[in-house]
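Biologist: I'm new to this one, so could you walk me through it? Let's have a look at it first.

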Amino acid sequence: MPREIRLNAFDMNCVGHQSPGLWAHPRDRSWQYKDLEYWTDLARILERGKFDGLFIADVLGIYDVYNGNGEAAIRQAAQVPVNDPLQLIPPMALVTEHLGFGLTASLSFEHPYPFARRLSTLDHLTKGRAGWNIVTSYLESGARNIGQQAQTEHDARYDYAEEYLEVCYKLWEGSWEDGAVLRDRERRIFSDPSKIHEIRHQGRHFQVPGIHLCEPSPQRTPVLYQAGASSRGKQFAAEQAECVFVAAPSKVLLKKTVADIRRRAAEAGRDPSKLLIFNLQTVILGETDAQAKAKFEEYKSWVSYEGAMALISGWTGIDFSRFRPDEPLQHVHTNAIQSAVEAFSTADPNKVWTPHELADWVGIGGFGPLFVGGPQTVADLLQEWVEETDVDGFNLAYALTHETFIDAVELLVPELQKRGAYKTDYVPGTLREKLFGAGPRLPESHPGSAWRDLGAQRQVVAAAEPVRLRPAAQRP
């Protein structure tokens, strides 16, 4: 029996997202990103296609590495202007019943106490369809604009993230017991104070003494996504995430990445098969292969080289304006350049990569692979990648929005369903129940579940503490 393929849509509250220049195409709607109708229309399209969710990216800062400033990004709308993603979700939830929402929110820029309330509110309003993509942020411009002299060192950001999550878990999982909310109109008691506990967190980065301000939401902890690509990021994902987002440009690299994450999850005491891993993917579809290729050639003519360079420079931290567009990058000796070229070389070992070639690759859909063809061709490729790499599904980036997503819903999804490789209906319940087929709460194997029953844990600790007698002179 074919393995079920899972699909998310990948978008951002900005112009163009990962296809720089295509916002100017007459059929593209991304310039309407600031209009509510753009998002409610998209939500309806995705739910019609039985997508698991909409994964919403975000950055708090601009891409200012290229040429040492942000002018190229601003000129080409390379993820700037960019609006806050959270406000998009409640109206989309209102016009859908099943679609999940993965919110990207950086823990580097907001204290966990108000943030935990924000996510609980979102989980309530969506009736349990909220997810959180945990990011630590990578843009120096974002760090500077909140008063930091520079971005915190990479691995230290993950140490900070672990304590941040501990505070959130205590608030979401442990502060309010099951049954704390009574809603007893006769006795006029809404909540039972004896079942609501201060978390009394005292850590290196945070001191949070009080209770969570929200009553428990349908999932308590939203579904946890993570997109770390480094060794430390993959370790964090293996320990904390339920869904992992990767962006491998080739099957070879994707298979290696998926195996590494699952191995780390097993070593952390988790069931590696319960981790859902999604690879970044762009599909350009037509009713036939020839129609799809013609559409691809049309799209390519709208790609902005300058916009692509602004994105690549921001993603890698390398100012690609230092290199000629046709300069072979295998002759450029920097660790970051070499690692980027090696990653892309797994997609085409014989290709000589230049900045222009990199821009062509990422100009439509970003770093992930690009499939062009009719429904049968693209379905064959997706199934091949799933079977050969053990990936669970794909985050679909767009070339044009909403055209790319409409094509996926109307052409690709029916073909996958015909093959038994895609669901024909949603599972009832919360996002966690839809994704994993179990309950709405974090599983017992997840580290966040350890913070449940804070009241009982405190009673055990108190009972174990020695009795401290006052000195004899102070006794009556």
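**Charged pairs, strands and cores**

Biologist: Which residue meets the side chain of Arg-262 in a salt bridge?

Modeller: The Arg-262 bridge spans 2.7 Å, N to O, and a salt bridge is a side-chain nitrogen of Lys or Arg within 4 Å of a carboxyl oxygen of Asp or Glu. Keep in mind that this is a predicted model, where local features need pLDDT of at least 70, side-chain atom pairs count only at pLDDT 80 or more, and totals for chains, interfaces and linings use all residues. Residues are numbered from 1 along each chain as its sequence is written, and side-chain values use heavy atoms, with hydrogens and water left out. The side chain that meets Arg-262 belongs to Asp-390.

Biologist: How many residues apart are Arg-262 and Asp-390?

Modeller: Arg-262 sits in helix 8 (residues 251–267), while Asp-390 is in the loop between helix 13 (375–389) and strand 13 (393–397). Helices (H or I, at least four residues) and strands (E, at least two) are DSSP runs, numbered from the N terminus. The pair links distant parts of the chain, and the separation is 128 residues.

Biologist: Is Arg-262 buried or exposed?

Modeller: Buried means under 20% relative accessible area, exposed means over 50%, and partly exposed is in between (1.4 Å probe, protein chains only). Asp-390, at 32%, is partly exposed. Arg-262 comes out at 9% relative accessibility, so it counts as buried.

Biologist: Which residue forms a salt bridge with Asp-159?

Modeller: The closest N and O atoms in that salt bridge are 3.1 Å apart. The pair joins helix 6 (residues 154–174), home of Asp-159, to helix 7 (residues 231–240), 73 residues apart. Asp-159 is partly exposed at 40%, and its partner is buried at 17%. That partner is Arg-232.

Biologist: And how many salt bridges does the count come to?

Modeller: Some of them form a network, which links Glu-173, Asp-178, Arg-220, Arg-441, Glu-444 and Arg-452. Another one pairs Asp-41 with Arg-29, with the closest N and O atoms 3.2 Å apart. Asp-41 lies in helix 1 (residues 36–48) and Arg-29 in the loop between strand 1 (6–12) and helix 1, so this pair ties together parts that are twelve residues apart in sequence. The count of salt bridges is 37.

Biologist: Let's move to the strands. Which residues of strand 10 are buried?

Modeller: Strand 10 covers residues 243–246, and both of its faces are covered. One side carries Cys-243 and Phe-245. The other side has Val-244 and Val-246, which makes the buried set Cys-243, Val-244, Phe-245 and Val-246.

Biologist: What handedness does the crossover from strand 9 to strand 10 have?

Modeller: Strand 9 (residues 223–226) pairs with strand 10 in the parallel sense over two bridges, where pairing needs DSSP to find at least two bridges between the strands. The chain goes from strand 9 through helix 7 to strand 10. A crossover is right-handed if, with the strands pointing away from the viewer, the path from the first strand over the helix to the second runs clockwise. This β-α-β crossover is right-handed.

Biologist: How many bridges do strand 10 and strand 11 share?

Modeller: Strand 10, helix 8 and strand 11 make a right-handed β-α-β unit. In strand 11, Asn-279 is the bridge partner of Val-246. Strand 11 runs over residues 276–285, and its pairing with strand 10 is parallel, with a bridge count of four.

Biologist: Which helix gives the largest share of the largest nonpolar core?

Modeller: A nonpolar core is a set of buried Ala, Val, Leu, Ile, Met, Phe, Trp, Tyr and Cys residues joined through side-chain atoms within 4.5 Å. The largest one has 81 residues, of which Phe-51, Leu-54, Met-92, Trp-132 and Phe-394 touch the most other members. Its largest share is nine residues, and they come from helix 6.

Biologist: Last one: at what angle are the ring planes of Tyr-158 and Phe-236?

Modeller: Rings of Phe, Tyr and Trp (its six-membered ring) pair if their centres lie within 6.5 Å; planes under 30 degrees apart count as stacked, over 60 as edge-to-face and the rest as tilted. The structure holds 18 aromatic pairs. In this one the ring centres are 5.3 Å apart, and the pair is tilted because the planes are at 50 degrees.
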